[in-house]
Amino acid sequence: MDIRSQIAMVFHLDKCIGCHTCSIACKNIWTDRKGAEYMWWNNVETKPGTGYPRKWEDQDIFKGGWEKKGDSVKLKGAGKFQGLKVLFHNTNLPVIDNYYEPWTYRYNNLLDAPEGDDQPTAEPVSLITGEKMTPKSGPNWDDDLGGSPLYARNDVNFKNLSQVEKDSLFQLERMAMFYLPRICNHCINPACVAACPSGAIYKRGEDGIVLINQKKCRAWRLCVTACPYKKVYFNWNTGKSEKCILCYPRIETGQVPACMHSCVGRIRYLGVMLYDADKIEKTASCEDKDLIKNQLDLYLDPNDPVVIENAKKAGIADSTMDAARKSPVWKYVKEWGVALPLHPEFRTLPSLFYVLPLLPAMASMENGIYNTTSNSLWDDVENARLPMKYLANLFSAGDTVVIKNILKKLMAVRLHRRSATTGDISRELADSELKSSDMSTETADAIYRLTSLAHHRERFVIPPAHREEAIELIEQTATRKENTGFGFIEKPERGL
Amino acid sequence: MSWIKDMISPKTRQWEEFYRNRWQHDKVVRSTHGVNCTGGCSWNIHVKDGIVVWEMQALDYPLLENSLPPYEPRGCQRGISFSWYLYSPVRVKYPMIRGALLDLFNDEKTKTGDALLAWQNLQNDPEKRKRYQKARGKGGFRRIKWDEALEIIGAANIYTAKKYGPDRVFGFSPIPAMSMMSFAAGSRFLQLFGGVHLSFYDWYCDLPNSFPEIWGEQTDVAESADWYNAKFIAVMGANLGMTRTPDVHFFSEARHNGTKTVVFSPDFSMVSKFADQWVPVHAGQDGAFWMAVTHVILKEAHVNKQVPYFIEYTKKYTDAPYLVEIAVEDDHYVPARLLRANILEKYSGIENGDWKFLNLDEDTGDFICPSGSSGHRWQEKKGDWNLKYTDSETGSGYNPVLSLIDRKDEILQVEFTEFAQDRKSKRGVPVKHVQTKTGKIACTTIYDLIMGQYGIDRNLGGDYPSSYDDASTAYTPAWQEIYTGISSATVLQFAREWYTTAEVTKGKCMVIIGAGVNHWYHSNLIYRAATMSLMLTGCIGVNGGGMNHYVGQEKLAPFDSWGSIMSGKDWNIPARFQQSPIWHYIHSDQWRYDGNQADYNTVPKNDFSSHHSADMIVKAVRNGWMPFFPQYDKNNFTIATEAREAGAKDDKGIQDYVIDQLKSGALKYSVTNPDEELNFPRVWFIWRGNALLSSAKGHEYFMKHYLGTHHNEIADEVAKEFVKEIEWKEKAPEGKMDLVVDLNFRMDTSALYSDIVLPAASWYEKADLNTTDMHSFIHPLSPAIPPVWESKSDWEIFREIARVTSEVAKKHLPGPILDIVNSPINHDTKGEISQPSIKDWFTGECDPVPGKSMHNIVTVERDYTLIYEKFISLGPNVRKGLGAHGISFPCEDFYDRLLQDKDHVTHIGNETFPSIKEDTEAINAVLLLSSVTNGILSGRAFTDAEKNAGVDLSKIKPLNNDISINFNDLQAQPRRLLNSPLWSGLMTNGRAYSAFTLNIEHLIPWRTLTGRQHFYLDHEGYIQFGEHLPTYKPSPRPELYGDLRKTIAEGKARLLNVLTPHGKWHIHSTYGDTLRMLTLSRGMEPCWLSEKDAEELEIKDNDWVEVFNDNGNYCTRACVSSRIPPGICIIYHAPERTYSVPKSSRNGNKRAGSHNSLTRVHLKPNLMVGGYGQFTFGMNYWGPVGVNRDTFALIKKLDNVTF
């Protein structure tokens, strides 16, 4: 047993508003500079839709992630050796058109224009060339089903739906959307780390955060190809790749990442998970149908005496163990089993899990009259507008049973709470729903409390970073105390 | 324990300082955003290297009850983008002026050597005036010094006051709650000057007229935490994810606690994803759905089964048991006025007997005069204004009869009108005969009338729907299908779940409603329709219930103390407040383009309902219902002087003189001749708002008639044949405004078109206060950094304007001078009981009595040389006490406490006053003197409420009196407001604020005629407009509305309803121009189109399109989406003209306009009535609203795009 600790996250999609505050919190701090304009370490996508960069999920195009090869896995498009062959002509790399050409406006015109015969306006200009341009795409072009004929209707996750089924999803009676916020998954089996020819990408031992060393990066960009989530970006100004750093300067000081801090939907949770690194290869290379179960089996119970014993041997701090026992991620993912990783079939073992969205009940149309009645207060989850198959393609490598069970659990919690708070749903009905989802009333209450009532400190349980110990490996911590901050800031430069 | 071995050596990991260095910062300061978003979020502003680098939400809100989710974090994608503005290329760094104006002014200044004379010469030369007016909005700005800009402004102010009167100087700044001191700065200056402040809540169409109609309340709603207490939530016209971004979590969290959610929205909006059921009701037709819901509730929960909670609630808290006369009209019976108590012999001599009403006692069968009516509120004897079931005249208890069905003398067949199909039905109403002083009359209860109106068959005979499936008769579930497109089965399920939930939870059903409904022409009726379902199931005044309207950050919590500073009431009474919708309708000449409202409004035919809106305004102004400025076609100073010369010795003498002059025609109301040069508005200050664009309904008419610059309007004038009271000039003036001054931190459209732009400090650079109705905290705005470049806070700018204005006055307008101020009859004053019927003194129907049959006429002495001194000093009127909403309390001791601080006083002559020279001084004065931030004053306010109502409120007075919150406290942590009877929600022990819980639990009446919640509105005007009972009226048809008289569909063009709801990437126009929001959206504000309409128009996603009608045009790109239904398009409110707007292919290839280029003002005249209970003017409280949802336009592809 090789126990490691990993900061992991849960995003509760039923609560996501799609406001993008997270994206901007991140951007303001980290990517608001030349060369990074188009980087959205955190972005929010409307589903159905094609996301950012466009169609990123389609690995037939981008060849990201791992594929099963016998009892192991290999990088789909950007293995170190395979990668070397394509170093100078990487056809799988997304190009500017998959992202967008960043732009600004000639705002100065408003203040500076000489008197003329018409009103001045600020025209858009390219941030790359400085020339006039008409923006044709952006990081969120299909927001709220905008441009649905081009984007939503071409969502890759409709792959096993018939044309009739697909079309029905764009009629009033079935139409729906939800939001999918995405950051780097800080994977347990990160393809970007495996693909880097320079060894510039690493996973931090203490928290599992995946980082790109801005001094070592040599601009090979194989990480960009390898990441199936397209969460590594190439900075065209510095010539280095960059990605979400999970706000480690904040994590290290006990503050949550900016995107999570700023989440006004209160959908985000963060905590530490223990896992057994010995099982990574086996887990990543199992059959598709076992992916979810096996990934969940990787995580170790911090209350288990054997785990505690081995954690001590692995040098995991007591404070980390304590945090692991309070981890909201552990509760959602392991204890309650209501959160799933995004596209487990990419086999990177992501550390970000999603609680599924409940959606409005399906309606029907007759003679132009819209009917949305249901047999019960909330209807059955199977009558939700987006088909299980679609959600399964996103979150469970196609397994609709897992999806249905989670949705039923979430609904059972609602029925239980309705019964408890109003009584117009009978106790018997609520109990039978809980039972069929294998939940006690205590569990249902706990799910409800963490979903609805949790305060900041309950949603985010950050293990202490013990920076003093890390610093001590380089110099006396006292010396750092005396010296830190003095010196000249060096900017990363091309080719260093 | 030991450090886990790194995957690579710690030495290699030293590079990690790269990102750590970025995160490090020097200072964090709490502030918020002074924008009209209703958010009121607390933010931490991060400062590094002396500049603001980013902002993050504060998390330290005090917790409410444990059973409620916390408020953290609050703040949205827009707020977190604000720091961009500080150093952006649109930042206004220095005072700017249009070069054309500066050159002309300087020429005259050189000639005359005097700024005022220079301004005078410039204004008296039509060519020169036209020269700089034509240049408005067309570039040519120049940087000038503060002193130069102030000199021109001071000269224009005094010149205008001297030549025309101070009521030609106007100010517009919206929604004070978002940065209340900045608002107060300008309004205080204006009121000390005698200028006019324009209203905003009604102009923005954010005022829900149904609130004053039903509750006598501007707006009072639950804080968002209370959504979590609801067990059934219906959302309509509000896109919570989009517009209530920091609050919507309470909604999603309630779902997980077992709350059912239903969302009404024609498009699949952001909040629709949270719906258990999404109901795509046809745009603007929500009212029909709710009429049918109420039909089902009445039938099933009031008649078939009489749910005790509903019956008891309806009896006790609504006007349902009140008696109404059944009158004969032509050959049939109709519901008429409420029975007045003094028609009975036994009550004939009582005080205010016209304003007290009648119930019937269940036990004795006697007629009873229930306590709590407006007559009780304004009578000499205090203590009878309450909701106890007592006869106010005898003091004895009783049990009101809700329906006469079991004690009727007779059944009369009363006529009810259904307007959509214009169908009249006679239905049996049980009546009792009353022997009055003048004879016998028939009466019934409002409850019985409601049963008749909704077509509930109780075996009383008449024409009823045969069943729920009867589509031909209102208001069945089948009937509503015609208008809503939603099945009757949906209505039935909804109604049943609604009343079942309300029954088991005792009222925890909630409506959340917003601009998507409030902006329709008949919004008051739609709101009333939904509110009926709430009231009939006991859901108002209950935590988790309520009609929760969130449109505009209207709740200014410390209104008591702030109101005095804002209005200059600490020095002068009264202030000049203008109802904006009627003002813009008249002054921007939109009335000239308007046909008769009776042609598009659905009204019964009678004399009163057939007026053109402009004529109705004249009537409303004369009768004291609505204000209008300028007042007269003569300078008020001159009138006062002439009155004195004619022998007037006192106020009464001046009043008599003015009335005589008006009667003789020697003096005319400006409103009757608005296109006469004497009556123009002249100087316009705009701050904290985008008056020329975002809110400028009829934007192109503003361009033409206010500014005199280019415009895109093509409409014809049509009013000539309709108007009788208003003088028609063959040629409408263009360019009425002499000077437009904009205070701004960014170059928005209003700044772009103004003559002078003054650099205002932004929200991270000044001290201010912020409150909202979305939560119950009070927040500071704080200077994280000092104002950048040459900018100044609004407080300082208006202080400077006051200073230069006083300076100019020393030479040109020295010494005291008399001004005459007209003010309408005001809400929460005795004026509420002044006009029991509509009588026009002007036509001799009654005597002119100021404050009773007509507006007030008050004489005010002004000294223009002292404006500055008064501006910076808190005036002595505060000693007399403060208050609002009819509550008042003494505060002399606290005023004196301010005087004791010798570092913070001012001197005028020998007298000493508390200083409010600095913004923080003014803020601390507001906090010390308000009942929501000072526990002792809260206690005193409750004592006043107890005295008025005769009830014991000791349980809800603040437990700890000795609380006083100051500005530093707010900077340390958000503070929750105190309970105060100024507001109707109770907040004891962390309880979430829900409106009217004070009324329900402590029997405090609503500020209405009866003191109850009103189903029935018996004002004569309402009866004549057919709105006395809740009803459904169809939206005005585009061909009758008159926006498309000239516009012709050529080629592939299509007529669509243009909806302009609040958007995702801006708060009105703010933030919309930031690069961040433009990047995350589509680089501009697109026009959202359905897939079907787009296909038929051969428009592809991202193609350029032109949207146009008679009022103007808008050019943008299409966003084609399946979530938009055919027949509508959405242009989210409010795109600026400042970025990415190409030239229009129409109207001479000029720059295209904006969303408001498609609108023109249409007013609903019955909303102008006054002097009658809750139908009495209050600024932003009562009056017609600037509706815009009923706008239609053509859309077509734009092939040639040029900039």
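This is a short dialogue on reading a predicted model of two protein chains, A and B.

Biologist: What should I know before reading any values?

Modeller: The model is predicted: local features need pLDDT of at least 70, side-chain atom pairs count only at pLDDT 80 or more, and totals for chains, interfaces and linings use all residues. Residues are numbered from 1 along each chain as its sequence is written, chains are lettered from A and ligands numbered from 1 in the order written, and side-chain values use heavy atoms, with hydrogens and water left out.

Biologist: How many residues does each chain bring to the contact?

Modeller: Contact means heavy atoms within 4.5 Å. Chain A brings 135 residues and chain B brings 129 residues.

Biologist: What area is buried between chain A and chain B?

Modeller: The size of an interface is often given as the accessible area lost when the parts come together. Here buried area is the accessible area (1.4 Å probe) that two parts lose on being put together, summed over both. The value is about 11,300 Å², and carbon and sulfur atoms give 58% of that. A:Tyr107, A:Leu111 and A:Gln119 supply 7% of the area that chain A buries against chain B, more than any other three residues.

Biologist: How many salt bridges and polar contacts are there between chain A and chain B?

Modeller: A salt bridge is a side-chain nitrogen of Lys or Arg within 4 Å of a carboxyl oxygen of Asp or Glu. The count is 15 salt bridges. In one of them, B:Glu1091 pairs with A:Arg153, with the closest N and O atoms 2.6 Å apart. A polar contact is a pair of N or O atoms within 3.5 Å; within protein, one must be able to donate a hydrogen and the other to accept it, and residues adjacent in sequence count only if both atoms are side-chain atoms. Between the chains, 81 residue pairs are in polar contact, both at pLDDT 80 or more.

Biologist: Which helix of chain A gives the largest share of the side that touches chain B?

Modeller: Helices (H or I, at least four residues) and strands (E, at least two) are DSSP runs, numbered from the N terminus. Helix α1 (residues 21-30) of chain A gives seven residues, the largest share.

Biologist: Now the sheet. What is the strand order in the open sheet of five strands in chain A?

Modeller: Two strands pair if DSSP finds at least two bridges between them. The order is β13-β12-β1-β15-β14, with mixed pairing. β13 (299-300) and β14 (339-341) stand at the edges, each with a single partner strand, so one side of each is left without a neighbour in the sheet. β14(A) pairs with β15 (residues 352-355) in the antiparallel sense, over three bridges. A:Pro341 has A:Phe353 in β15(A) as its bridge partner.

Biologist: Is B:Asp594 buried or exposed?

Modeller: Buried means under 20% relative accessible area, exposed over 50%, partly exposed in between (1.4 Å probe, protein chains only). B:Asp594 has a relative accessible area of 0%, so B:Asp594 is buried. B:Asp594 lies in the loop between α20 (580-587) and α21 (597-600) of chain B. The side chain of B:Asp594 makes a polar contact with the side chain of B:Tyr600, at 3.0 Å.

Biologist: How many residues of helix α22 of chain B are buried?

Modeller: Ten of the ten residues in α22 (residues 613-622) are buried. Their cover includes α20 and α21 of chain B. Just after α22(B), B:Gly624 takes a positive phi of about 80 degrees.
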